[in-house]
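Welcome, and please take a look at the model shown here. The report below walks through it a piece at a time.

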Amino acid sequence: MAWLVLVLSGFLETAWAIALDRSAGLSRLIPSVVFVVTLALSMAGLAYALRTIPVGTGYAVWVGIGAVGTALVGMLALGESASLPRVLSLLLVVAGVVGLKIFH
């Protein structure tokens, strides 16, 4: 259960990062509210998962999922560059997250 919560919390990290960007420095109400809610849920999920998953592994997986998710949203929906080096770099992060889970 802790791993499922950790993965979902990583996805919520993507949501709060995108909401933060869309909030224009917390000056737009709806994205700012989405940011605060998803940030709180993401942190709560991380805290729950860290009760059974070591902090180094849990935090790295959480950040990795959030970073990859945010970069993918940027590339697929926000017009950011999807160059081969960027995609390959994201695949390396995914490989690291998978490796942390396998060797946990």
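Leucine 26 sits in the loop between helix 1 and helix 2; helices (H or I, at least four residues) and strands (E, at least two) are DSSP runs, numbered from the N terminus. This is a predicted model, in which local features need pLDDT of at least 70 and side-chain atom pairs count only at pLDDT 80 or more, while totals for chains, interfaces and linings use all residues. Residues are numbered from 1 along each chain as its sequence is written, and side-chain values use heavy atoms, with hydrogens and water left out.

Back to the loop. Leucine 26 has a positive phi of about 60° although it is not a glycine. Alanine 24 also lies in the loop between helix 1 and helix 2, and it has a positive phi of about 55°, again without being a glycine.

How open are these places? Buried means under 20% relative accessible area, exposed over 50%, and partly exposed in between (1.4 Å probe, protein chains only). Leucine 26 counts as partly exposed because its relative accessibility is 48%, and alanine 24 is partly exposed with a relative accessible area of 45%.

Serine 23 belongs to the loop between helix 1 (2-22) and helix 2 (29-49). Is serine 23 buried or exposed? Its relative accessibility is 0%, so serine 23 counts as buried. The side chain of serine 23 reaches the backbone oxygen of leucine 20 at 2.7 Å. Leaving aside its neighbours within four places in sequence, serine 23 is in contact (heavy atoms within 4.5 Å) with Arg28, Pro31 and Ser32.

Moving on to helix 2, isoleucine 30 is found there. Isoleucine 30 counts as exposed because its relative accessibility is 61%. Together with Leu29, Val33, Val34, Val37 and Leu41, Ile30 makes a nonpolar surface patch of about 560 Å². Patches are made of residues with over 30% relative accessible area and no salt bridge, where like charges are joined within 9 Å and nonpolar side chains (Val, Leu, Ile, Met, Phe, Trp, Tyr) within 5 Å.

Now for the charged pairs. A search of the whole structure finds 2 salt bridges, a salt bridge being a side-chain nitrogen of Lys or Arg within 4 Å of a carboxyl oxygen of Asp or Glu. Here they are, with the accessibility of each partner.

| Acidic partner | Basic partner | Closest N and O atoms |
|---|---|---|
| Aspartate 21, 47% | Arginine 22, 38% | 3.8 Å |
| Glutamate 80, 37% | Arginine 86, 30% | 3.8 Å |

Finally, step back to the chain. The protein chain has 4 helices and 0 strands, and read along the sequence it follows the pattern α-α-α-α. Its radius of gyration (taken over C-alpha atoms) is 14 Å, close to the 13 Å that the globule rule (2.2 Å times the number of residues to the power 0.38) gives for 104 residues, so the protein chain is as compact as a globular protein of that length. Along the principal axes, the C-alpha atoms fill a box of roughly 40 × 35 × 15 Å.

Of the 104 residues, 35% count as buried. Among contacts between residues at least 6 apart in sequence, 66% join residues at least 24 apart. The protein chain exposes about 6100 Å², and carbon and sulfur atoms supply 76% of it; accessible areas come from the Shrake-Rupley method with a 1.4 Å probe, and for residues only the protein chains shown count as cover.

Definitions and conventions:
A polar contact is a pair of N or O atoms within 3.5 Å; within protein, one must be able to donate a hydrogen and the other to accept it, and residues adjacent in sequence count only if both atoms are side-chain atoms.
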